Amino acid sequence: MRKLPALLVAFTMLIMLSLSVLAGGSGQAPIEIFVNGNRIVTDKTPIIVNSRTLAPIRDVAEACGIDVDWNGEMGEVTLSYGFTSAVLSVGKSEMRVYNSIIDELSTVELEAAPVIIESSTYITIRPALEAMGAKVEWDGDTRSIDVTAPKNAQGVKDSEKGEASDEKEITQIT
């Protein structure tokens, strides 16, 4: 009988510690995310788990011009940009990437599986955004993630100018 109160106290302390870490109570500055130099303002805070930064994907991806779809039944988030799509599944440490131009499907191993925290899907954003053509850098000194959005949303080059063309019709595969 004495073990039950001690276990209850230990469990309560573990829950409080976990919530403190999730709320940014680690005593460190909160992690900030910048896309093309502009700070992304979100009500969800990125977290560090096993030395990997996980962030709510929707706000960051949409700031890069990347489409985000959620399939709650399958527990999957799909990112689409130009001719590329990536599918990440909650609890699975892999990402499926499809490029419709070359009809290629590849699998990328993730260092941390996507998780759901307070109704938001948190992922390691580097592999997902880089699959879409973005550049992602972590600055440990400032605890910030700097994202350079992909340059060519359509994935098509204008043959005359060598520049991206927004006038071509694109079919996205998800």
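**Exercise 1. Overall composition**

What percentage of the 174 residues in the protein do buried residues make up?

*Solution.* The structure is a predicted model, in which local features need pLDDT of at least 70 and side-chain atom pairs count only at pLDDT 80 or more, whereas totals for chains, interfaces and linings use all residues. Residues are numbered from 1 along each chain as its sequence is written, and side-chain values use heavy atoms, with hydrogens and water left out.

Step 1. Apply the burial classes: buried is under 20% relative accessible area, exposed is over 50%, and partly exposed lies in between (1.4 Å probe, protein chains only). Buried residues then make up 36% of the 174 residues.

Step 2. Consider the surface, with accessible areas from the Shrake-Rupley method (1.4 Å probe; for residues, only the protein chains shown count as cover). The protein exposes about 11000 Å², and 51% of this area is supplied by carbon and sulfur atoms.

Step 3. Assign secondary structure from DSSP runs, numbered from the N terminus: helices are H or I with at least four residues, strands are E with at least two. The protein has three helices and 13 strands.

Step 4. Define a contact as heavy atoms within 4.5 Å. Among contacts with a separation of 6 or more, 44% join residues 24 or more positions apart.

**Exercise 2. The nonpolar cores**

Identify the residues that touch the most other members of the largest nonpolar core, and the elements that each supply at least two of its residues.

*Solution.* Step 1. A nonpolar core is a set of buried Ala, Val, Leu, Ile, Met, Phe, Trp, Tyr and Cys residues joined through side-chain atoms within 4.5 Å. The largest has 29 residues, of which Ile-57, Ile-66, Leu-79, Leu-88, Ile-125, Leu-129 and Val-147 touch the most other members.

Step 2. At least two residues of this core come from each of strand E1 (32–35), helix H2 (57–63), E6, strand E7 (84–89), strand E8 (94–99), H3 and strand E13 (144–148).

Step 3. Take Val-147 as one example. Leaving aside neighbours within four places in sequence, the contacts of Val-147 include Ile-33, Val-60, Ile-125 and Leu-129.

Step 4. Another core, of five residues, lies apart from the largest one; among its members are Leu-54, Ala-112, Ile-117 and Tyr-122.

**Exercise 3. The largest pocket**

Describe the volume and lining of the largest pocket.

*Solution.* Step 1. Rolling a probe the size of a water molecule over the atoms shows where empty space is left. On a 1 Å grid over the protein atoms alone, using a 1.4 Å probe, a pocket is an open set of points with protein on both sides within 12 Å along at least five of seven lines, and lining residues have an atom within 4 Å of a point. Grid points are joined across faces, edges and corners, and a volume is the space filled by probe spheres set on the points.

Step 2. The largest pocket holds about 330 Å³ of space. Its lining comprises 15 residues, with Arg-52, Thr-53, Thr-124, Arg-126 and Trp-138 nearest the centre.

Step 3. Two or more lining residues come from each of strand E4 (52–56), helix H3 (125–131) and strand E12 (135–139). H3 gives the most, with four residues.

Step 4. Classify the lining: Ala, Val, Leu, Ile, Met, Phe, Trp, Tyr, Cys and Pro count as nonpolar, Asp, Glu, Lys and Arg as charged, and the others, Gly among them, as polar. The lining has seven nonpolar, three polar and five charged residues.

**Exercise 4. Positive phi angles**

Locate Asn-36 and Asp-103, and state how far each is exposed.

*Solution.* Step 1. Most residues other than glycine have a negative phi. Asn-36 has a positive phi of about 50°, and Asp-103 likewise has a positive phi of about 50°.

Step 2. Asn-36 lies in the loop between E1 and strand E2 (38–39). Asn-36 is partly exposed because its relative accessible area is 46%.

Step 3. Asp-103 is in the loop between E8 and strand E9 (104–109). Asp-103 counts as exposed because its relative accessibility is 59%.

**Exercise 5. Burial and contacts of Gly-75 and Thr-84**

Is Gly-75 buried or exposed, and which residues does Thr-84 contact beyond its neighbours within four places in sequence?

*Solution.* Step 1. Gly-75 is found in the loop between strand E5 (67–71) and strand E6 (76–81). With a relative accessible area of 14%, Gly-75 is buried.

Step 2. The C-alpha atoms of Gly-75 and Val-90 are separated by 5.6 Å, although the two are 15 residues apart along the chain.

Step 3. Thr-84, in strand E7, is buried because its relative accessible area is 14%. Beyond neighbours within four places in sequence, Thr-84 contacts Leu-79, Val-97, Tyr-98, Asn-99, Ala-131 and Met-132.
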